[in-house]
Amino acid sequence: MADQLYLSYWLRGFTGQNMLRYYERMLKLFPFSRLAQSPSVFRIVAVDYGEAPVFERSLAHPLDLGEVLEAAKEFEHSDCCYRLETWWDLWQYDTEWKLKPSRVTLCCFGPDFARDLGEDLRIEFGIDALFLPQLELPNAVRMAQSNIKSLLKLVHDLDDNLNPERRQLWSESGENFSETLQRALEMAE
């Protein structure tokens, strides 16, 4: 059964005063889709997710990061969450394998924003099945490996540029995604 996949970062020295610098680093490192036709959406939520967004804007493709950061600076408060719902390109199967845009959300949480894990940055990748071999499909292992390489390159780039205290790749079920991936690859052999 498909599960949602997340990557969370806890950063050294992260504060309400420097949070947008870290968010900007993450956004500049992210490999945004070259194939997307649908717009991205940038939202700012204050206090917790139960509140209505204080800001929301649809952004045409290709994405202008300056527009995102300018809007974020207008609402630079330690109790805000910045959420960019956008796209990146992954291999997906629909009668054949194609490189297609896949929804992803890039989040930055102010230190005073209510969240369960207390992380500073989070990437919501959508369903984990995009990174697990679906053995009933042709070339499933090779295509899953390509998507995993994209994921690992992003993690490596973020690790090098964010100097994290810690990071965690996790699924909403709480399972360790590394172990889930290892089991799936063993079954594929």
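A salt bridge, as I use the term today, is a side-chain nitrogen of Lys or Arg within 4 Å of a carboxyl oxygen of Asp or Glu, and the structure holds twelve of them. Before I go through them, please keep in mind that this is a predicted model, in which local features need pLDDT of at least 70 and side-chain atom pairs count only at pLDDT 80 or more, while totals for chains, interfaces and linings use all residues. Residues are numbered from 1 along each chain as its sequence is written, and side-chain values use heavy atoms, with hydrogens and water left out.

Let me start with the charged pairs. Arg57 forms a salt bridge with Glu67, with 3.6 Å between the closest N and O atoms, and this pair links distant parts of the chain, since Arg57 sits in strand β3 (residues 55-59) and Glu67 in helix α2 (residues 65-74), ten residues apart. Helices and strands here are DSSP runs, H or I over at least four residues for a helix and E over at least two for a strand, numbered from the N terminus. For accessibility, buried means under 20% relative accessible area, exposed means over 50%, and partly exposed is in between, with a 1.4 Å probe and protein chains only. Arg57, with a relative accessible area of 35%, is therefore partly exposed, and Glu67, at 31%, is likewise partly exposed.

Two further bridges involve buried residues. The side chains of Arg83 and Glu85 meet at 3.9 Å, N to O; Arg83 counts as buried because its relative accessibility is 12%, and Glu85 counts as buried because its value is 17%. Arg122 and Glu124 also meet in a salt bridge, at 3.5 Å, N to O, where Arg122 is buried at 10% and Glu124 is buried at 15%. These four residues belong to a network of salt bridges that links Arg43, Glu56, Arg83, Glu85, Glu119, Arg122 and Glu124.

Arg122 has a second contact, this time with a ring. Its charged end sits over the ring of Tyr6, 5.7 Å from the centre, and Arg103 lies over the face of Trp87, at 4.2 Å from the ring centre. The rule for a charge over a ring is that NZ of Lys or CZ of Arg is within 6 Å of the ring centre and within 35 degrees of the ring normal.

Now to the aromatic pairs, where rings of Phe, Tyr and Trp (its six-membered ring) pair if their centres lie within 6.5 Å, and planes under 30 degrees apart count as stacked, over 60 as edge-to-face and the rest as tilted. By this rule the count comes to 14 aromatic pairs. One of them is tilted and joins Phe30 to Trp88, at 5.4 Å centre to centre and 40° between the planes; Phe30 is in the loop between α1 (19-29) and β2 (40-46), Trp88 is in strand β4, and they are 58 residues apart. Trp88 also pairs with Phe131, and because the ring centres are 6.5 Å apart and the planes at 40°, this pair is tilted. Phe131 lies in the loop between β6 (121-127) and α3, 43 residues from Trp88. How accessible are the partners in this pair, Trp88 and Phe131? Trp88 is buried, with a relative accessible area of 1%, and Phe131 counts as buried at 0%. Ring pairs link Phe30, Phe32, Trp88, Phe125 and Phe131 into a cluster.

Trp88 and Phe32 also appear among the residues that line the second largest pocket, together with Leu29, Pro31, Ser33, Arg34, Asp89, Ser150, Lys153, Leu154 and Asp157. On a 1 Å grid over the protein atoms alone, a pocket is an open set of points with protein on both sides within 12 Å along at least five of seven lines, a cavity is a set where a 1.4 Å probe fits but cannot get out, and lining residues have an atom within 4 Å of a point. About 180 Å³ of space lies in this pocket, and the largest share of its lining, four residues, comes from α3.

Finally, there is one cavity of 30 Å³ or more, with a volume of about 60 Å³, volume being the space filled by probe spheres set on the grid points, which are joined across faces, edges and corners. Phe32 and Ser33 line this largest cavity too, with other lining residues including His61, Thr86 and Trp87.
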